[in-house]
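The exercises below ask the reader to work from the coordinates towards a description of the fold. Each task is followed by a solution that proceeds step by step.

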Amino acid sequence: MNSNGQADGFFIDILERIAEKEDWTITYDFADWETLLKKLDNAEIDLLPNVVKNDNKDSLYDFNEIAFIDTWLEVISLKSSLTDSTIVATNPKIGVLSSSFQEGFIKEHYSNYPDSLLFFYDTYLEAVSALLSKEIDFIAVCRFFEYTDFFDNANMSVTKVLKPTLLYVVAPKEKNRDLLKRIDLYLTEIKNDTDSFYYKTLGKWLKVPAKFLSIDAIILIVFLLGVVLVFALWGILVMLRKVKAKTKTIHEINEDLKNLNKIFLDISETVPVGIYRLSTKFNNNLIDIKNLEFKMIYTNTVFQKLLDYTVEDIEQGVFNIIGKVFPTDLQGFAEENRRAITMCEVFKWEGKMVIDNTLRWYRIVAVPKKVNSSEILWTGVVNDLTHEKDIELKLRESDNLFHSLAEISPVGIFRTRPDGYTTYVNARWCELSGLSYKQALGWGWLDAVHPTERERTELKWNKKVEKQQVSADEYRFYRSDGVLVWVLGLAVPEVVDGEIVGYIGTITDITERKEAEMILRAKNEELKVAKERAEESDRLKSSFLANISHEIRTPMNAVCGFAYLLQNAKEEERRQEYIELILSNSQELLEIINDLVDLSKIDTKQVEIKKSNWLINSIIDELKAIHYQLIKNKGINLKVTKSLSDTEDQIFTDGLKLKQVLNILIINAIKNTTHGKIEFGYQVEESHIEFFVTDTGNGIPLTYLNTIFEKFRQIDSHNFASRQGTGIGLSIAKAYVELLDGRIWVESKENVGSNFYFRIPFAPKLIHYIKRDE
């Protein structure tokens, strides 16, 4: 198995070729050798290659007739170990593969060898690791071990070669004999052909020449050489007859060459570039253009016109191209000439020359052909680049002007290739995006776009580029300093000679406009919410007025009714009952009026907070005493929790407001609880004290949790028997808690109960402590 986890090796290559020819499908089973033999015994696999034939195995399995390959056993040791040709004499520790031929051979030929010195391994990797760590002295392997990745040539050596043997393919007894026959047929064919796939594969895996010549092959080669010799003699006779015909053909070719030369000359006169051929000679290795000898061999008419030479000048040798090169470009011309001559490479030069007192640009390209050590023949062309250079200069001036204007522009400017790839951004673009010039190039500009808009912006830009359309888009840059910048990006195709060569665009900072739009949108949303709240408040107030009239009228009617009955009552017991009912309803009426007064003060911000030292435990005890009997009468358990002792329970706050908040929450719990328990109290958390009132009552539906502390809010549900009330108690409690620099919240589940909490500041160390009897 190779490093990719696939079956590999000489046997695999041969079997794959047989399978391809026979149209078989091979599935490989990877396991250690002992496991594979057990699977073969149980007919769980069809074939097993690389098996040594012996009497024992011959009785267990069916072998193919033709051996795959010759092999032998080798004993491998570390190069640093002392080697001994007689293994038994030294009694070394030997490692072998479990259930392998090596194991059987060692046991058979070295019967006196101690079992304690024979070590078994499932894989070569385990055996090699044991050898390298010197846990064993030798490992017994087959000859192919040296060609595997397990063999370390630097550290291992072959100590001894043991019994030669042959390797076969086996199948379970009485099964798959037809497969073995097909394998033998193919092996017979390929082993008798030295050019076959078999020997090529053998050479591949053993890294030895793949061809082995048999006697038959040698006889065949001698026969073939004889045939070749006969044909060679016959060929010589035929060639002699053809020489005469070829001689005639050569004459005809020479005529054709003359015609081709004429055609070349005609063509060279029609091309718009100067064509020339010249020879340069130099002394030894000293290459100096001042000492070069130029001999012009051929020029076309264009060359003569470009460099201002006449035919007579060239014929008379009046030719000095060096003298025409502009002085500032002469050094470059000389260096390129020296390089081309030294390396015998193409001469390429572009520069200025003075022709007829006019400065012009030229490009010269020439291909060298070395004649001898001091002479080179050059064939080249000359182009007049003056017009192109003028255009290039104007373009450069235009580009400089563009960059100058772009750098002082108040908007970001960018340019791209036709595919949208950014090639330029100005300083303002970098300022708006927070990217450097280098970071913005290519597709890097997308890194500045806000992550939530990046994919949309990229997709829209690519679509516009694909359709070659004008692009306009608004998006945000999210700079590394955390600043968000809204920009308007505009880009138009840049067209040259009717072809789009790219895009040029701008980005404008529209942050102020966007912020104004967002403020306006927020104001509109606030107005909408305020309108909805006003409408809701108006509805709630209407509902409140209807409810409050009922809440006031109910105790008032009771007061008036029982007062009238009190006048006519004669039994003292009856009179006392009426008095208690009058007092109870009067107290209820008073609480309603107090709530309305408190609400009015809160709305008009007339509530005064008067802080002083109060005893928390005393407040808790007082509230317990007030509500104990009513809670008990309803059959509800009451639990009070106090986290501070009576010596450290002092708090600086408005105790009346604190007591009123707790009272509202306790009354609310009593109204909504018909069974279970009510618990209230407090606990201290660092610089705050947290009060709580919990009950096992009706609970609050999820839809009311966010509005339960708003004014006039009551739970509209048939599950609540305590819908009587004004709906302002919890809003008063919230307002008082906030005036005490605290926070109030609720956790509730319908039909399970409610937990009200509020937290206010708490400073445990005070200057003056209240005496308990005060």
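**Exercise 1. The sheet and its strand order**

In which sense do E19 and strand E21 (residues 677-685) pair, and over how many bridges? Use the result to place both strands within their sheet.

Solution. The model is a predicted one, and the first step is to examine the pair itself: E19 and E21 run in the parallel sense and are joined over five bridges. One of the residue pairs to look for is that of Asn-637, whose bridge partner in E21 is Lys-677.

The second step is to follow the pairing from E21 onwards, where E21 and E22 pair in the antiparallel sense over eight bridges, with Gly-681 having Phe-692 of E22 as its bridge partner. Eight bridges also join E22 to E24, again with an antiparallel course, and here Glu-690 stands opposite Arg-759 in E24.

The third step is to assemble the whole, which gives an open sheet of five strands in the order E19-E21-E22-E24-E23, with mixed pairing. Strand E19 (637-641) and strand E23 (743-749) each have a single partner strand and stand at the edges, so one side of each is left without a neighbour in the sheet. Neighbouring strands of this sheet are turned against each other by 10° on average, direction ignored.

**Exercise 2. Helices on the sheet**

Which strands do helix H19 (residues 616-633) and helix H21 (residues 729-739) touch?

Solution. Take H19 to begin with: this helix packs on the sheet in contact with E19, E21 and strand E22 (688-695), and its direction makes about 175° with that of E21. Then turn to H21, which also packs on the sheet but touches E23 and strand E24 (753-761), its direction making about 140° with that of E23.

**Exercise 3. The turn between E21 and E22**

How many residues lie between the two strands of the hairpin formed by E21 and E22? Establish also whether Glu-686 is buried or exposed.

Solution. The hairpin of E21 and E22 has two residues between its strands, and Glu-686 lies in the loop that separates them. The backbone of Glu-686 takes a positive phi of about 55°, although this residue is not a glycine. Its relative accessible area is 77%, and Glu-686 is therefore exposed, the cut-off being over 50%. Strand E22 presents another picture: seven of its eight residues are buried, so E22 is largely enclosed by the rest of the structure.

**Exercise 4. The largest nonpolar core**

Which element gives the largest share of the largest nonpolar core?

Solution. Begin with the membership: the core has 42 residues, and those touching the most other members are Ile-616, Leu-662, Leu-665, Ile-689, Phe-691, Phe-758 and Ile-760. Two or more residues each are given by H19, helix H20 (655-672), E21, E22, H21, E23 and E24, and the largest share, eight residues, comes from H20.

Phe-758 can serve as a detailed case, since the residues it touches, neighbours up to four places away in sequence not counted, include Leu-658, Val-661, Leu-662 and Leu-665, as well as Ile-689, Phe-691, Val-737 and Trp-745. A second core, separate from this one, has 36 residues, among them Leu-15, Val-52, Ala-130 and Phe-144.

**Exercise 5. Buried positions in two helices**

Why do the buried residues of H2 line one face of the helix? Continue with helix H8 and find what Thr-201 contacts.

Solution. The buried residues of helix H2 (residues 33-41) are Trp-33, Leu-36, Leu-37 and Leu-40. Viewed down the axis of H2, these residues fall within an arc of 100°, so they line one face. The reasoning agrees with a general rule: an α-helix has 3.6 residues a turn, so residues three or four places apart point the same way. Just after H2, Ala-43 takes a positive phi of about 55°.

In helix H8 (residues 197-206), which holds Gly-203, the residue Thr-201 is buried with a relative accessible area of 3%. Neighbours within four places in sequence left aside, Thr-201 is in contact with Phe-10, Asp-13 and Ile-14. Gly-203 counts as buried at 13% relative accessibility, and its C-alpha lies 9.6 Å from that of Phe-10, a residue 193 positions away in sequence.

Note on methods: Residues are numbered from 1 along each chain as its sequence is written. This is a predicted model: local features need pLDDT of at least 70, side-chain atom pairs count only at pLDDT 80 or more; totals for chains, interfaces and linings use all residues. Side-chain values use heavy atoms; hydrogens and water are left out. Buried means under 20% relative accessible area, exposed over 50%, partly exposed in between (1.4 Å probe, protein chains only). Helices (H or I, at least four residues) and strands (E, at least two) are DSSP runs, numbered from the N terminus. The arc is that of the directions from the helix axis to the C-beta atoms. Two strands pair if DSSP finds at least two bridges between them. Axes are lines fitted to C-alpha atoms, for helices over the stretch in contact, and angles run from 0 to 180 degrees between N-to-C directions. Contact means heavy atoms within 4.5 Å. A nonpolar core is a set of buried Ala, Val, Leu, Ile, Met, Phe, Trp, Tyr and Cys residues joined through side-chain atoms within 4.5 Å.
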